[in-house]
Structure formats: structure tokens, C-alpha cells
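Welcome to a short set of exercises. Look over the chain, try each task yourself, and then follow the solution step by step.

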Amino acid sequence: MTQPIKKLTTNKHELLGGVPQWTDSALIAEIKRIRDAIRKWAKSHDLWFDCGFTSHLDHVDCEPPDPPIVTLLTCDGGLYSVLSGEDPEGLEREFSALLDTLGYHYENIDGVTIAIYAADPLASTAFKDFFHWQWVCSLVKLDTADVYHELYSHFARRPDDLHRLHWRDFEILLFRIFQNQGFEAVLGPGRGDNGIDLRLWQRNPIGDILTLVQAKCYAKKNKINLTEVAALYGIGQIEHADNTLFVTTSSYAPVARRFAARTSGSLQLAERNDIAQWCSRATAGIIADKSSLVSPASVQRIIDDVAGRKDSRIVHASYGRNMIFNNFALVIKETQHAALLMKIANRIVSHDGYEQSGFVVPIIDGTTASRFNGDTVFRAKRSTKNGQVSYWDGENLYQVWDGKQQYFSFLD
């Protein structure tokens with residue numbers, strides 16, 4: 001019989017300050033254990049047809065919920081019937097008992113998608129942190145940090161996670177941090193960069209100030225030595241840079257610090273706590289109000305531009321199964337992978353006489369700008385497939401409005 005999760009923890013945890021802590025590898029192994037047990041049980045009852053597993057992140061591509069979904073079971077055929085109420089043999093009770101033995105329980109989300117949750121609070125917390133980390137890593141793209149505050153807030157709170165980043169993702173994170181600080185930043189190619197990962201310019205009427213940046217994503221114990229910082233300083237001298245900055249997720253050997261002290265401030269050293277402070281400052285400027293990222297004047301120009309005509313910046317999402325609802329939004333800022341959208345109202349243009357079903361269109365007129373505030377502006381992931389752009393906010397998929405009236409129904 002499969003052992004309950006509490007028995008498993010004695011072998012799968014590491015001790016941190018005397019408190020059991022799940023490791024990433026243990027959590028990955030635990031997910032596999034659950035999936036294997038469910039698959040084996042389903043196959044033993046000839047129920048494993050058109051079934052599979054996926055993660056919440058892969059399934060919906062959004063921030064993990066609380067409590068975290070440990071794994072998603074997608075099912076059809078016999079298993080679908082069992083978990084959707086068509087269960088003359090009482091197999092659902094057996095399935096629930098299996099999960100209980102494993103230390104988990106389930107929720108049927110939509111008939112074909114089953115969410116598996118951890119019963120143990122410590123395990124649930126560990127999965128929440130693990131999945132949040134995966135979500136943060138998925139946000140490290142070249143042009144999303146002006147929209148996604150999670151990049152900053154996560155590392156502001158947990159600087160020890162910095163060394164877990166891929167070295168290129170670490171460079172991209174720094175790139176966006178420096179842009180947030182007001183620098184004109186250029187990110188190097190990653191390879192063949194002659195030891196310079198970023199170039200930062202401060203524009204000045206007297207003359208531009210150039211800072212060369214070297215980034216090293218190392219574990220805590222892997223200290224930066226004299227050779228590496230001296231090499232950066234030498235490159236700065238050759239390129240006539242005003243300053244050089246070495247940034248690492250670890251720390252510096254004493255000899256490296258002594259060398260930097262002798263450069264009269266032209267070589268600066270930063271480590272993970274400095275990065276955490278930079279992230280904290282960046283978070284403070286973004287997290288409170290997404291609407292602060294776009295000026296009201298800019299939004300008004302967009303509204304004036306799209307009013308009265310079909311425009312790709314007007315997007316629409318329809319949702320519901322028996323009842324059908326519609327959301328409209330205006331794209332007020334976007335990059336290759338992310339966007340800020342503003343909710344806009346709609347009006348009924350025709351209905352059944354009771355306003356229970358009919359057609360709606362978005363309202364874009366003199367009242368639209370008054371809706372621009374922190375409650376109506378939200379973040380979405382932008383993607384392109386077969387030339388069609390879409391925006392996903394974690395719940396609804398927005399696509400370019402086709403200019404036609406959209407059907408709604410409140411009849412269940």
C-alpha cells in the first residue's frame with residue numbers, strides 16, 4: 001500500500017533550523033508518485049482512456065492559486081463518468097480513498113479537469129512556494145518586467161532564490177531593474193560579450209556616463225575572487241567607461257573587496273542583498289497601481305483614436321457555458337509578451353424584451369476615460385499564434401474584437 005504523505009516526509013525532507021523543509025527534487029518526486037498511483041489505479045479498473053496529467057501553469061499559464069493545485073488530472077471516457085456522477089460501481093469512493101491514503105483530495109473543476117490538492121498544510125505551503133517560483137521564472141522575458149511586478153517582489157522578499165535563476169535570466173532581470181532605475185540599458189548577447197553583460201548610460205547634458213556591468217549568478221559559497229573583478233576593471237579602462245559594476249548572487253573574497261576600494265569608486269561591487277533592495281524599490285513603483293504605468297493623457301489619445309471604428313486595440317472575451325457573458329477591454333500598453341488592459345463597459349443593442357439574452361457592443365465615448373483607474377487596469381500575457389494576437393489574464397482569453405455585436409445570455 002502507498003504510504004501516507006506524513007510517513008513520506010521523514011525521507012523526503014531536509015532539516016532547516018530543526019524544521020522539516022521540502023526540497024524541489026522531493027516535490028517533483030512527490031508529484032510523480034501521485035500521478036503514478038492514480039494512473040495505476042485507473043488502469044486496474046480499465047478507466048485510463050484519453051486521460052493525462054498537466055500542471056496548473058502549463059494548463060492555464062497564470063499565477064498559481066491558493067491553495068496550490070499539486071497536479072491536474074484531465075480525463076475522458078470511463079474515468080470522466082466516475083468522477084462526474086455516473087458511478088454505479090461506487091468507484092468514486094475508492095478513488096477518494098486512494099487520494100486520502102496518499103495524503104491528498106480532489107476537486108472536479110469542469111468535469112474533464114480534476115484538481116489534486118495536498119491535505120497536509122506543510123506540504124501545501126511547500127508546493128505553493130515551488131509553483132510560485134516556477135511562475136516567477138516563466139515571467140523572465142526580455143520585455144515583461146514593466147508589467148509583471150512579481151519579478152521584483154519575489155526577489156525583494158527572497159534574495160536567496162536569485163542564484164537558482166539561469167544565468168541568462170539573471171542578466172535579463174538586472175537589465176529590467178536598471179531600466180526601472182532610469183538607465184538606458186543595453187543587454188549583451190549572452191555569449192561572446194567580452195566579459196560585459198550590460199552597458200548602462202545616464203544621459204547628461206555635459207556628457208553621457210557609461211557603466212559596464214558584469215553579472216555572475218553563483219551559489220552563496222562560490223565567492224568572486226580578485227581575478228574576476230580586476231578583469232572587469234581592466235576592460236572598463238580600455239573602453240574608457242566612467243564606471244564598472246560587478247553584480248553577483250554570491251559574495252566577494254576579501255582581496256576582491258580591497259582591490260575595489262583602491263579604485264576610488266570607479267569599480268563597485270554588488271551582491272544579493274543589494275539586488276533585493278533594487279527589487280524592493282522597483283516593486284514599490286509598480287505593485288500598488290497598474291494604472292500608474294500609463295499616463296491618463298496617453299489613454300485619452302487611445303480612446304479618441306479608436307472611438308467609432310474597429311481597431312485591434314479593442315479586445316473581447318466571451319465566457320460561460322449555459323449562460324454567456326462578455327468582457328471588453330482596451331489595450332493601453334503592450335510589449336511582445338505582456339500587456340496592460342483597461343476594462344471598458346458595454347451596452348445592449350438588442351434583446352429578447354426582458355434583457356435576458358441579446359447582443360452587446362463596447363462603449364467607447366466621452367465616458368470611457370473616467371473608467372481609467374487602479375481597479376480597471378489589469379495585467380495579461382500576450383501571445384501570437386498564426387498571426388492572431390491574444391491576451392490571457394488567468395481567467396479570460398481576450399482577442400481582437402471583430403467589430404460585430406456579441407451575443408449574451410443570462411438564461412441558464
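**Exercise 1: the whole chain.** Of the contacts in the chain with a separation of 6 or more, what percentage is accounted for by residues 24 or more positions apart?

Solution. Before we start: this is a predicted model, in which local features need pLDDT of at least 70 and side-chain atom pairs count only at pLDDT 80 or more, while totals for chains, interfaces and linings use all residues. Residues are numbered from 1 along each chain as its sequence is written, and side-chain values use heavy atoms, with hydrogens and water left out.

Step 1. A contact means heavy atoms within 4.5 Å.
Step 2. Residues 24 or more positions apart account for 60% of the contacts with a separation of 6 or more.
Step 3. Add the overall picture: the chain has 12 helices and 20 strands. Helices (H or I, at least four residues) and strands (E, at least two) are DSSP runs, numbered from the N terminus.
Step 4. Of the 412 residues, 46% count as buried. Buried means under 20% relative accessible area, exposed means over 50%, and partly exposed lies in between (1.4 Å probe, protein chains only).

**Exercise 2: a helix with two faces.** Find which residues of helix α10 are buried, and explain how they are arranged around the axis.

Solution.
Step 1. Helix α10 covers residues 254–261, and its buried residues are A256, F259 and A260.
Step 2. These residues cover an arc of only 100° around the axis, which puts them on the same side of α10. The arc is that of the directions from the helix axis to the C-beta atoms.
Step 3. Here is the general rule behind this: an α-helix has 3.6 residues a turn, so residues three or four places apart point the same way.
Step 4. Now turn the helix round: the face of α10 away from its buried side carries the exposed residues P254, R258 and A261.
Step 5. Finally, look for the cover. The buried residues of α10 are covered by elements including α9 (226–238) and β11 (267–270).

**Exercise 3: a strand and its partners.** Work out which strands pair with β9 and in which direction each pair runs.

Solution.
Step 1. Strand β9 spans residues 209–216, and 6 of its 8 residues are buried.
Step 2. Two strands pair if DSSP finds at least two bridges between them.
Step 3. Strand β8 (residues 198–202) is joined to β9 by 5 bridges, and the two run antiparallel. In this pair, Q202 stands opposite I209 of β9.
Step 4. Strand β10 (residues 243–248) is joined to β9 by 6 bridges, and these two run parallel. Here V213 stands opposite L245 of β10.

**Exercise 4: special backbone spots.** Locate a cis peptide bond, then examine the phi angles of D46 and S264.

Solution.
Step 1. The peptide bond from D66 to P67 is cis, with omega near 5°. P67 belongs to the loop between α3 (56–60) and β4 (71–74).
Step 2. D46 has a phi near 55°, a positive value in a residue other than glycine. Its loop lies between α2 (24–44) and β3 (52–54).
Step 3. D46 has 58% relative accessibility, so it counts as exposed.
Step 4. S264 also has a phi near 55°, positive in a residue other than glycine. S264 sits in the loop between α10 and β11.
Step 5. With 73% relative accessibility, S264 counts as exposed too.
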